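Please open the structure in your viewer and keep the selection panel at hand. The stops below go from the contact between two chains to the sheets within one of them.

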Amino acid sequence: MKEAKEKPVYLEEREEGKKGLSRRDFLKGVGAGTVAVAMVTTGPPAHEAEAAGPPKGVREMAVVMEVNGKPYRLNVKSHWTLLEVLRRELALTGTKNSCDRGSCGACTVILDGRVVYACSLLAVEADRRKITTIEGLSDGETLHPLQEAFVREDALQCGFCTPAMILCSKALLDRNPRPGIDEIKEALSGNICRCAAYPKIVKAVTSVTNKA
Amino acid sequence: MSSQFKIIGTRQPRLDAWARVSGRAKYASDISFPGMLHLKVVRSPHPHANVLNIDAQKAAALPGVRLILTHKDMPAYRWHPDMPVLTDVARFVGDDIVCVAATSEEIAAEAVDLIKVEYQVLPFVLDPEAAMKPDAPKLYPKGNLVGGKPQLASRGDVEKGFAEADLVYEGRYKTNLVQHATREPRACVALWEGGKLTVWDSTQYTFAVQEGLAKALRVPISKVRVICEQMGGGFGDRSTAERYNVLAALVARKTQRPARIEFNREENFLAGHHRYPVIFYLKYGVKKDGTLTAIQAKAVADMGGYAHFPGAGGSMEVILSTYRCPNLKAESYSVCTNKPEGGFMRCVGHPQATFPQEVHLDIIAEKLGMDPVEFRLKNYARLEDGDQARKIPFSSNGMEECIKKGAEAASWKVRWQKPGSTAGPVKRGLGMAIHACRHGGMAAGMPSSGMVRVNSDGTVNVFTGTSDIGGGQKGTMAMIAAEEIGVPLESVFVTSADTDVTTDTAGTTGSRQTITGGTGIKLAATDAKNQLLDIAAEELKVDRKEILISEGKVYRRGSSEAIPLEKIAGKAPGPIMGRGVGRVPRNVIFHTQAAHFVEVEVDTRTGAVRVVKLIAVHDVGRAINLLTTEGQIEGGATQGIGFGLAEEQLLDQATGICVNPNFIDYRVATIKDIPEIVPMIVESVDPYGPFGAKGVGEPPYSVPAPAITNAIYNAIGVRFSEIPITNRVILTSLAKAKA
């Protein structure tokens, strides 16, 4: 069962401190961990200005999220998905759009340590949460060991599903550093690779678990 | 692996790996510009209808809408024989009727909803055989048969062949409507600046898109630049100029703003290319000893609303050339119906014929009491057979080794038993099939070219038209250039698939790039190397023949004293540019050969078929990169398993509407669905391919479906003549067999 299908956590619940970070914790964390990084604020994209006001029921809201260790304050429309915001507003195009309905896994990101389908989560639901996209895994030119393993084993062909495959593998290894082959397959079963690089993907993830 | 090479035949990570694993790779769907317009298409909800009226007033009044195009804006932009860019006659559900360009995707989508199209609904036909009848609804005034007549082929005397036969067996077979389901949806961005059109497209063939756009928009080819930096899967869906390319370019020109179009998943299923279904009627004659005496075949291909080529003839090639048989008669009917476009998909046309032929022959072998492996070994087309009507040989042929190697790996002689031999509800079965067909060849008029530049520091830039769609084509070109010149692989950089910079190598289609692109690069590398040798000969004052280049160093033969290549390259009077143009050999037929052996488990209680192990043996001529060669075999075979057991785009017969245009209802294999796949390589060393290489991208797709079907028979004793063989099909057939 993909975690993206779980019941979304709404702002109200979050503010009551039921799950995840509180707003205060988040801002504290931001202050402590990323001192040098200025808060990046973005508004609605320029093209929206040309259009008339938003359709009925659509609200504009301010959200705060930490993406790849960098804090952002964003003004988003209430119906925008996290995927749209990552790709369009933050230009993090490593997160891919393929089905836009939570059925293929191309848009997988890590949200507070768990994998979610960014196409099936509203941006407002990601308020005050920590998000890791594929761009956050490497350090400059230096790749994460999982990324290196994918390169070495050629665990990719066209590469379109690859960011999501790697993030899913990372989330798995973060909670279970020594998964068996069946656990690896289970964790990656929500991510379609049409090129079917599957045998080599299993090899790549296994090669990292063996080293752990 | 041959030790005669330093780089060829090794395992090399792909060239774009860093960009792809780091998320920095820019696919066409990732390209964006400020002020860009977004396109959406109004698609027909009817399988066959005349467009009577288009009311776009409300949409035009919507703030943010910049342009609305209909068929009335289009007649001048025709580029396909039948297919208009936007049509006033809908020929399938999803046909392109109106295009909207707006300042955001949301506004464009809203505008699409506001457009009212009035249709005159027409009778439609979904069955290709029904579509051939005189009273069938006509998609085109000229009729539904593509080309107006069947394609015919014959050799020998088929009646004489049947008279000589001890056994004549006939059967009817049918394959499924399948979609590529590439991970990246169709997408492109067009920019029109000062009379120059630049298009970023996810395409397998930038030069075809360039030519198509030049023709459609009536601009010179030199003013159209098409770039495919990355591509999220092709499998044939994007190998020509498509409607969406023309629409984006047209909007960019008319509005003078960048224009972007990206299909959603449903549009991709409805309005992409498809593996067209084919109905095959086969009648084969054999002697008691297993010798084939006559083949009679009729193919009816369902090409949907728009035929990109006569598909039945493409499928028939498999029947014409896989086996040696002196007497043959074949009729191929390509028929238009009100289904989605029949077009190009991995191993175009071949799986639709390999499935029927290999199942048919499995039945015949059984009727003769022959081992199916022995039967294939007796009848497969030999090196000298080639085109059996025109007596042109194959360029190379590793079929015998493929069959023998696979049979040994599968322990066929020991493990292959009578059908239904397993006790208990879960039955095990073994099956096999072979495949041989035209792949990777340089057909007449098919460009093969490349350019190589040696820099003053001895490093190398390769310029190739090939789109690296996932097969690792860029790495292949780098390996060929590095091997040929004698430089380390790390010193080579490849620029690919940009029509302003590179040269045409035909599309990354037809398992072709290693041959067309690779030959071009090898010749270009030789040219550059000769220039280096000339400079070195002058510097060292020896004959050119006395010099060799290896691992980026220049040596005199017999001497271990090494001169760094940069010392020679730096002395060049001008840039060292190597140019290569491949020539088409006319006296041979290019074929690749393959044999698959498969073991299945069939649960007779649930109907579930589990492929346990698939041994895939392919003659690749010579593997350039072992790692990506294996990947092509594993990936192609996995798609082939889906073709046999799971994938089918289903249309409601009453409305022509597709009921499963998504990844939930159209089942694509996940990591949990795949068996143990054992890729095995045979190297026949083709005399025409670069370093002896042949193509491998497509053949792995064709073979699993019939091998699995034969294995299912071996497990449960029931034959199947249609695919996909789903759980339900198995259960229904078992119930029927019992009754």
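A polar contact is a pair of N or O atoms within 3.5 Å, where, within protein, one atom must be able to donate a hydrogen and the other to accept it, and where residues adjacent in sequence count only if both atoms are side-chain atoms. This is a predicted model, in which local features need pLDDT of at least 70 and side-chain atom pairs count only at pLDDT 80 or more, while totals for chains, interfaces and linings use all residues. Residues are numbered from 1 along each chain as its sequence is written, chains are lettered from A and ligands numbered from 1 in the order in which they are written, and side-chain values use heavy atoms, with hydrogens and water left out.

**The interface**

Select chain B and chain A together: across their interface, 30 residue pairs are in polar contact, both residues being at pLDDT 80 or more. Colour the side of chain B that touches chain A by helix and strand (DSSP runs, H or I of at least four residues for helices and E of at least two for strands, numbered from the N terminus), and you will find that α1 (17-22), α3 (105-114), β12 (259-262) and α17 (626-645) of chain B each supply at least two residues. Of these, α17(B) deserves a selection of its own, since nine residues come from α17(B), which gives the most to that side.

Next, show D30(B) and K96(A), which form a salt bridge (a side-chain nitrogen of Lys or Arg within 4 Å of a carboxyl oxygen of Asp or Glu), with their closest N and O atoms 2.4 Å apart. Between chain B and chain A the count is seven salt bridges.

**A sheet of five strands**

Now hide chain A and select the open sheet of chain B whose five strands lie in the order β7-β15-β14-β13-β8, with mixed pairing; two strands pair if DSSP finds at least two bridges between them. At its edges are β7 (151-155) and β8 (167-174) of chain B, each pairing on one side only. Within the sheet, strands β13 (residues 278-286) and β14 (residues 292-304) of chain B run antiparallel and are joined by nine bridges, and a place to zoom in is Y284(B), which stands opposite I295(B) in β14(B).

**A sheet of three strands**

Finally, select the open sheet with the order β4-β2-β6 in chain B, where the pairing is antiparallel. Its edge strands are β4 (89-90) and β6 (116-121) of chain B, and six bridges link β6(B) to strand β2 (residues 49-55) of chain B. Which residue of β6(B) is the bridge partner of N53(B)? Show E118(B), for that is the partner.
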